[in-house]
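Me: Could you walk through this one with me? I'd like to go over some side-chain pairs and then the chain contact.

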Amino acid sequence: MRSINSIKDLSLQEIDALVQTAEDIIARPEHYARKMAGKKLATLFYEPSTRTRLSFEAAMIELGGHVIGFSEAQSSSAAKGESIADTVKTISCYADIIAMRHPKEGAPLVASLNAGVPVINSGDGGHNHPTQTLADLLTIHREKGTFQNLRVGVCGDLKFGRTVHSLVDAMSRYDGVSFVMISPEELKVPSYAKLPLKERGIPYTQTTDLAAAMPELDILYMTRVQRERFFNEDDYVRLKDSYILTPQKLTTAKKDLIIMHPLPRVNEISVAIDEDPRACYFKQVLYGKYMRMALMMMLLEVK
Amino acid sequence: MNIDSIKTGIVIDHIKAGDGMRIYNFLNLGEMDCSVALIKNASSRKMGKKDIIKVDTVPDTDLNALGFIDPNITLNIIENGERVRKYHPELPERMTNILKCKNPRCITTTEQELPHVFILTDRERDEYRCLYCESKAPAL
């Protein structure tokens, strides 16, 4: 039995296999419609989420399985002070697999150490969110046709943006990839998140200038400056509008650039860009569902 | 207690002068019933001054964790009045309930009964990270 807490829990071969499964699901969904018949997914969401919870639920339903769970801590026994260990031991009696989101970092790991069924970390505070990274990877694979020889720009909140750290870690495992990290000084990528780049000798540059970096990018991954990651409201207000993508800024971009964003966005990508064929952030949402289908099948060893 | 010789216990030598009390507290020696000697500012050819601790029993605590406090200290294990082992404690791969995670976003802040576990992530830099949130370990 195996759980997934971080994208690092998956080898390159496993990620490739998940991408292949997801591609096959997209190509012939009817073949997968009964794969999880009789299986139950428990979504244990201790904080609000639109995309991730519904994506997991849709994924299980499309595989022919069922869904139970809760979508806020107040409607679970956590409100009475039950520990995560006790909660997941209980849920393991009802469900075949658990998807957990929790505001505290490491909570899904605690769950995986105590559950009798696989646990998928569906976001633990600012820490890990591996299925978002899987969605990102399938998007890159489908839109660029490869993971290799790409110049990846990551922009916005690179300090607290967990999706950026995971994507950088995952993409740095492929040949010929380089990074441009675009952020205000206050929100630069922390040194520990750059370690995989240093260890693997991957080229990267850091800049505060989005416009200057634009022409060379194959991928532009935008992130939201998140209010909940700041202790200080003044810092949030001062930095949140630093990097807003507008049609004007895209005039120097490559024709085959892909623009990605983990969503939800606030105002960092102008809605005027939504109609641009290079905008891929709603495709990411769709692809995320397929990767969650593939991941649940892998963890439950469903062929 | 005869400070020069103990029957079964440990002698922690080459403690940086001034750090003796930290190790005394870390090993909870104040709570022990056995004889304990803390010698401060002993003269040392190598170090100039050093602290030494002698304990007339082998404490239950993972003594290798002393390597995290100060990798240069020497640990002598005494049995039947004889020194049977002398070594620099190696950094343990894992420390449980020795350090507390200080990250306010870590799950250990709300789940009070969870053990605080730190994993050695970089031996060259003596770097430990919390098992749960991967924050760097605080200094002891």
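Me: Let's start with A:Asp274: how accessible is A:Asp274?

Reply: In this predicted model, A:Asp274 is partly exposed, with a relative accessible area of 24%. Its side chain meets that of A:Arg265 in a salt bridge, at 2.6 Å from N to O.

Me: ok, and which side chain does A:Asp218 meet in a salt bridge?

Reply: That is A:Lys254, and the N to O distance of the pair is 2.8 Å. A:Asp218 lies in the loop between helix H8 (210-213) and strand E8 (219-222) of chain A, while A:Lys254 lies in the loop between helix H9 (233-239) and strand E9 (258-260) of chain A, so the salt bridge ties together parts that are 36 residues apart in sequence.

Me: Is A:Asp218 buried or exposed? And what about A:Lys254?

Reply: A:Asp218 is buried, because its relative accessible area of 11% falls under the 20% cut-off. A:Lys254, by contrast, is partly exposed, with a relative accessible area of 29%.

Me: Switching to chain B, what links B:Glu127 and B:Arg129?

Reply: Their side chains meet in a salt bridge of 3.2 Å, N to O, and both B:Glu127 and B:Arg129 are buried. Salt bridges with shared partners also bring in B:Lys136, so that B:Glu127, B:Arg129 and B:Lys136 form one network.

Me: How many salt bridges over all chains, then?

Reply: The count comes to 18 over all chains.

Me: And how many of them cross between chain B and chain A?

Reply: The rule finds 0 salt bridges across that interface, although it does find 8 residue pairs in polar contact there, with both residues of each pair at pLDDT 80 or more. By class, the side of chain B that touches chain A has 7 nonpolar, 3 polar and 4 charged residues.

Me: How many residues does each chain put in, and what area is buried?

Reply: The contact takes 19 residues from chain A and 14 residues from chain B. Between them the two chains bury about 1300 Å², and 54% of that area is on carbon and sulfur atoms.

Me: Last topic, strands E4 and E5 of chain B: how do they run?

Reply: Strand E4 (residues 74-79) and strand E5 (residues 82-87) of chain B run antiparallel and are joined by 5 bridges, with B:Leu75 standing opposite B:Tyr87 in E5(B).

Me: What sits between the strands of that hairpin?

Reply: The hairpin of E4(B) and E5(B) has 2 residues between the strands, and B:Asn80 in this hairpin takes a positive phi near 50°.

Notes
Residues are numbered from 1 along each chain as its sequence is written. Chains are lettered from A and ligands numbered from 1 in the order in which they are written. This is a predicted model: local features need pLDDT of at least 70, side-chain atom pairs count only at pLDDT 80 or more; totals for chains, interfaces and linings use all residues. Side-chain values use heavy atoms; hydrogens and water are left out. Contact means heavy atoms within 4.5 Å. Buried area is the accessible area (1.4 Å probe) that two parts lose on being put together, summed over both. A salt bridge is a side-chain nitrogen of Lys or Arg within 4 Å of a carboxyl oxygen of Asp or Glu. A polar contact is a pair of N or O atoms within 3.5 Å; within protein, one must be able to donate a hydrogen and the other to accept it, and residues adjacent in sequence count only if both atoms are side-chain atoms. Ala, Val, Leu, Ile, Met, Phe, Trp, Tyr, Cys and Pro count as nonpolar, Asp, Glu, Lys and Arg as charged, and the others, Gly among them, as polar. Two strands pair if DSSP finds at least two bridges between them. Helices (H or I, at least four residues) and strands (E, at least two) are DSSP runs, numbered from the N terminus. Buried means under 20% relative accessible area, exposed over 50%, partly exposed in between (1.4 Å probe, protein chains only).
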